[in-house]
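Colleague: I should like to go through this model with you and ask what supports each term in its description.

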Amino acid sequence: MTYKYFPHTSEDISSMLGKCGLKSLEDLYQDIPQELVLNRDYDLPEAMSEVEVRKMFDELGQYNAQLKCFIGAGVYDHYCPSVINAILSRSEFLTSYTPYQAEISQGTLQYIFEYQSMMATLTGMEVSNASMYDGCTATAEAMMMAVANAKKRNKVLISDTMSPIVTRVVETYAKFHGIVVEHIAAVDGVTSRQDFEQKVSQGDVAGVIVAAPNFYGIVEDYTGWADLCHANKALFIMNCNASALGVIKTPGEWGADVAVGDGQSLGIPMCFGGPYVGYLCTSKKLIRKMPGRIVGATKDLDGKRTFVLTLQAREQHIRREKATSNICSNQSLMALYVTIYMSLMGKQGLKDVNALSYSNAHYLADKLSKLDKFELAYPDKPFLHEFAVKYKGDDIDYLQEAMLEAGIQFGLKLDNETLLLCATETLTKDEIDDAITICEGVQNLKSDDIID
Amino acid sequence: MNSVYYGKLIFELSKEGRCGYSLPKNELAQYKLEDMPQNLMRQEAPALPQVDELTVVRHYTNMSNNNFGVDTGFYPLGSCTMKYNPKINEEMCNHHAFTRLHPLQNESTVQGALEVYYNLQNSLAEISGLSEFTLNPFAGAHGELTGLMVMKSYHLSRNDAKRTKVIIPDSAHGTNPASAAVCGFDVVVVKSRPDGTVDVEDLRPLLDDTIAGMMMTNPNTLGIFEHNIAEIAKLVHEAGGLMYYDGANLNPMLGMCRPGDLGFDIMHINLHKTFSTPHGGGGPGSGPVGVRAGLEQFLPNPRVVADEENMRYTVECKDTALGAVSGFLGNFGVIMRAYSYILTLGKENLRMVGPLATLNANYIKECLKDCYELPIEGVCKHEFVFDGLKDKSTEVTTLDVAKRLLDYGFHAPTIYFPLLFHQALMIEPTENESKETLDGFIEVMRTIAKEASETPELVKTAPHNTPVRRLDDTLAALKPVVTYAELAAGIQ
């Protein structure tokens, strides 16, 4: 029995068993009732060599297609600087655990401190936690934070312009945690101010959750929303696209109490849905109500500036069922990812990414709206790099399939006449032109021409 | 690391006008971001650093030198299963045919990814003796929460709304009660016996028709197998409750025991423990949840299912599901690594994981029990707990021993957990550690015990050889400074 991950020789095993006063490896399990022991091999394949494992994944990979990405809906194909993977693959970061032993974990602790600093300035908030699983669960955590903060209220409002992918996670957490979620209606692609005012004024709302930009890509105007929330003792929670915050008005500027969202747009590869990183930022006043880990600055015995996990009295290993959350880790490596991304990009890089994406998306929208059978769903609403378009042709599925054949994922189908389209800086003008040419061709086909 | 030259924060290396990126030229510059309504735009740019590429690379490379990982040295952190993270898994998870997939792109273009997901679901079901798995939860704690949601959904589907309590042993990890609370359950604590296992006599009177279920870790947090598990499961089931298996300690069970065969109905697995995916400084992890037949319909949306006849995989959402706990299909990159691990080990090596990890733990225990207090005798599983030094006259604490270990190039064990012992020192070596490594650790632990008696100050002021010395935790918590802006403003 030799295997590359198991260093013991049979002599090692016998001598170690001898030290334990045992004769065989089975003796290590003598305390387990015999009828509970598995007396067979797993019904799984035999070991593969690296050569075979590589072939296996190569083969599986052939059943995937690399598409030109005109889809967003919360996950964006942005430029990933090559530096990041090189640093992330350093095993000192990759193979460490939560930095409990601060003296040999200053690398992790320092980048988390940098991450918190960057997320705070990006969102315009005072403090950030050390990161969370993803944008959906971070939003659910913000909802629970609002309810815990309000003490005797258990209702939150969520805008219908929030991504349904986020809302369904929020609603799941709410259902089990005993929180009532009410929706604020969407009118013409934006949250109804009237419905919001009417619902928040009932005096039983713990928090209000809105999106920026919203699911349809629209940047909404939240002037006065925070004040109205505060007048009614509710927290104002904003779920924002992290990359867009480089240019759009921040939760801090809108007067929000909590900023949450996904950090994937800060250069994290799409990787079929994860791993990403959730962020949660708030005011200093609410820091002890905040879920998740936090790193703080302190000094060591020599007076040197150092960093350490802090405010742990909020956490589950001390507070158990009274903790602010059951979260007992963070998404550390992905927090490092976005920290390096923001270090490389800086304020100008984030602005450039947004400007390029804006140009690409607005060119696409402009060209499409000039075609007979396409029109913007919300033509008078401001958007950055994502927008909804109505297709008046015969078969929206055929349009998407024709695109697929050309190696293009042409948006997300919202209903039989609406697509949610996105263009980031990774698309070229030629690629956009190609897509528009296909649109022109397809819209001129009659339904009789379309054969399934 | 040279902390004089490289000990700064990235913000302190910033200089106006520098940059570390390159982007394509804007061929469509006539479409201007400046045309956005100004009242919707941020008024002041974020205070992000401005640095060139090499400065960024050096900064983070030097920071990594201040870190300790499994690749650096022995990491016997109890309950965390810090096993070797094979390099082939990293290579596979970065496979170009997978990293650029959008989670919502057409199903026909992600069949390879769905097959990985589906095959890992099935492999975990076989290894755990349960019926079906979801890989959507992002971490162990997230898996616990999802599993408890399954439990609640099951009772509610039977219109049995009075089951509001979950039983949790006093030795359990704090996440168990925290997850139960997030899921809207009340927590009932069952006591341990002196040998660390659940007291069945204490359990009996707690069981009635208000109990939704019981959460257990087996082997428990003391590394002891709960030998009464069959009886406990029977009692809980007779009372109408479900058994939840916290997979934190699944590693020693590999090849020997399956939670499904022990009577558990729902469980989570930490892929970052048992299935070798890297801990990444705290995440990303993955916490798949498995259930017994009859509970599948409650697993969260979205689900990956196979039409085996046509060899086609689809993603579906069911109305009976508990809802959704993730945006998409979990931490797919972690799922790729775990699948690579299972393929690499195969059935013949997977079955050796448990016994070899268990042998290593027992060997360390037997070699050190004359200098460290072993509260529970007998065979342990993958980990065990010492209650501090045997010589109690020295005033050297478990914290001191942990810090002194850092001087010798080892990571410390888990300390002050479980709470049952005041000076708990919880040691977990994994199956990947050689006898030489274990002997080296044992020798250092014996040296520290000797130092504690002969030169206690040396131990009490440790560490001495690490990049920084002991930190002031109290200062950090008393006046929290959590951003560079606060630091620069001299708040501390």
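Modeller: Domain bounds come from an automatic or database domain assignment. On that basis, the C-alpha centres of domain 1 of chain A and domain 2 of chain A lie 30 Å apart. The model is predicted: local features need pLDDT of at least 70 and side-chain atom pairs count only at pLDDT 80 or more, while totals for chains, interfaces and linings use all residues. Residues are numbered from 1 along each chain as its sequence is written, and chains are lettered from A and ligands numbered from 1 in the order in which they are written.

Colleague: What makes residues of the two domains count as in contact, and how many does each domain of chain A give?

Modeller: Two residues are in contact if their C-beta atoms, placed from the backbone, lie within 7 Å. The contact takes 20 residues from domain 1 of chain A and 19 from domain 2 of chain A.

Colleague: How do you know that α10(B) is not straight?

Modeller: The expected span is 1.5 Å times one less than the number of residues, so a straight helix of 37 residues would span 54 Å, whereas α10 (residues 332–368) of chain B spans only 41 Å between its end C-alpha atoms. A kink of about 100° is centred on G346(B); the bend is the angle between axes fitted to the seven residues ending at a residue and the seven starting there.

Colleague: Why is α10(B) called mostly covered?

Modeller: A residue is buried if 20 or more other C-beta atoms, placed from the backbone, lie within 10 Å of its own. In α10(B), 31 of its 37 residues are buried, and therefore the helix is mostly covered.

Key: Helix = DSSP H or I, 4+ residues; strand = E, 2+ residues; numbered from the N terminus. Buried ≥ 20, exposed ≤ 12 C-beta atoms within 10 Å, placed from the backbone.
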